[in-house]
Amino acid sequence: MDFSIECEQEDDGRWLAEVPQLPGVMSYGITADNAMATVEALALRTMAERLESRESRPVAIHISIPAAA
């Protein structure tokens with residue numbers, strides 16, 4: 001299962017990041033990196049909750065998270 005993060009700056013200067021494949025998984029941040037990090041953590045929590053509640057079946061996954069600079 002592949003997920004992507006879409007990020008855009010709002011008119012008020014905040015950044016909005018969302019994972020389109022997971023409805024409702026979105027987050028605002030003061031920077032693009034902040035919004036993307038927050039939404040990534042939320043996506044992982046959402047997937048874990050769905051597995052624990054048996055809403056989803058377990059599948060093989062590959063997670064790659066780059067090291068902080």
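In the predicted model, strand E1 (residues 6–9) and strand E2 (residues 15–18) run antiparallel and are joined by 4 bridges. Within this pair, Cys 7 of E1 has Ala 17 in E2 as its bridge partner. The two strands constitute a hairpin with 5 residues between them. Gly 13, located in the turn of this hairpin, adopts a positive phi of about 95 degrees.

Strand E2 is also joined to strand E3 (residues 26–29), again by 4 bridges and with the two strands running antiparallel. Two of the residue pairings across E2 and E3 may be specified: Leu 16 has Tyr 28 in E3 as its bridge partner, while Glu 18 is partnered by Met 26 in E3. In general, strands of a sheet pair through backbone hydrogen bonds, in either a parallel or an antiparallel manner.

Taken together, the 3 strands form an open sheet in the order E1-E2-E3, with antiparallel pairing. E1 and E3 are the edge strands, each of which pairs on one side only. On average, neighbouring strands of the sheet are turned by 20 degrees against each other when direction is ignored. Helix H1 packs on this sheet and touches E1, E2 and E3. The direction of H1 makes about 150 degrees with that of E3.

Ala 43 lies in helix H1, which spans residues 32–52. Ala 43 counts as buried because its relative accessibility is 9%, under the 20% cut-off applied to buried residues. When residues up to four places away in sequence are not counted, Ala 43 touches Val 19, Leu 22 and Val 25. For one of these residues, Val 19, the separation from Ala 43 is 24 residues in sequence and 7.3 Å in space, taken C-alpha to C-alpha.

At the level of the whole chain, the secondary structure amounts to 1 helix and 3 strands, arranged along the sequence in the pattern β-β-β-α. The chain contains 69 residues, of which 16% count as buried. The accessible surface of the chain is about 5500 Å², and carbon and sulfur atoms account for 53% of that area. With regard to contacts in the chain between residues at least 6 apart in sequence, 15% join residues at least 24 apart.

Methods
Residues numbered from 1 in each chain as written. Predicted model: local features only at pLDDT ≥ 70, side-chain atom pairs only at ≥ 80, totals over all residues. Heavy atoms only, no water. Buried < 20%, exposed > 50% of the residue type's maximum accessible area, 1.4 Å probe, protein only. Contact = heavy atoms within 4.5 Å. Areas by Shrake-Rupley, 256 points an atom, 1.4 Å probe, with all protein chains shown as cover. Pairing = 2+ DSSP bridges. Axes fitted to C-alpha atoms, helices over the stretch in contact; angles between N-to-C directions.
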